[in-house]
Amino acid sequence: MIRSLVSVGLQASIHARVAAQVVLIASRFRSSAYVRSSGGTASLTQLADLLALDIDANDTIEILVDGSDEVMALEALTSFLENATPTKGHPYHEGHDH
């Protein structure tokens, strides 16, 4: 298991659209991924559990990943949470610009 502290760099809290993007990213990997915040711990593949943590922009959270592809999963999740804005054209956005 590996872990990393992440400062949430989104412009707003982790609301439904952002949480859905996080779930999609986490679901691409075989590893189990979790988030720990002041509100508790939740699986990053469970949308309702993630939303229940009520994570805001600039909160510091801990991402925990365990499995065969844990390094890649942790990099993808931390990169998104630290740098992403849920806007059209972002590589993790569920829509397409075409």
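Fold and sheet of a predicted chain

Q: Among contacts in the protein chain between residues at least 6 apart in sequence, what share joins residues at least 24 apart?
A: The model is predicted, with local features needing pLDDT of at least 70 and side-chain atom pairs counting only at pLDDT 80 or more, while totals for chains, interfaces and linings use all residues. Residues are numbered from 1 along each chain as its sequence is written, and side-chain values use heavy atoms, with hydrogens and water left out. With contact taken as heavy atoms within 4.5 Å, the share is 71%.

Q: In what order do the elements of the protein chain run from the N terminus on?
A: Helices (H or I, at least four residues) and strands (E, at least two) are DSSP runs, numbered from the N terminus. The chain has three helices and four strands, and their order is β-α-β-β-α-β-α.

Q: Which strands are the edge strands of the open sheet?
A: Two strands pair if DSSP finds at least two bridges between them, and the four strands of this sheet, with antiparallel pairing, have the order β1-β4-β2-β3. The strands that pair on one side only are β1 (2-7) and β3 (40-43).

Q: Which residue in β3 is the bridge partner of tyrosine 34?
A: Strand β2 (residues 32-37) runs antiparallel to β3 and is joined to β3 by four bridges. In β3, the partner of tyrosine 34 is serine 43.

Q: At about what angle does helix α3 run to β1?
A: Axes are lines fitted to C-alpha atoms, for helices over the stretch in contact, and angles run from 0 to 180 degrees between N-to-C directions. Helix α3 (residues 70-83) lies across β1, β2 and β4 (60-66), and its angle to β1 is about 5 degrees.
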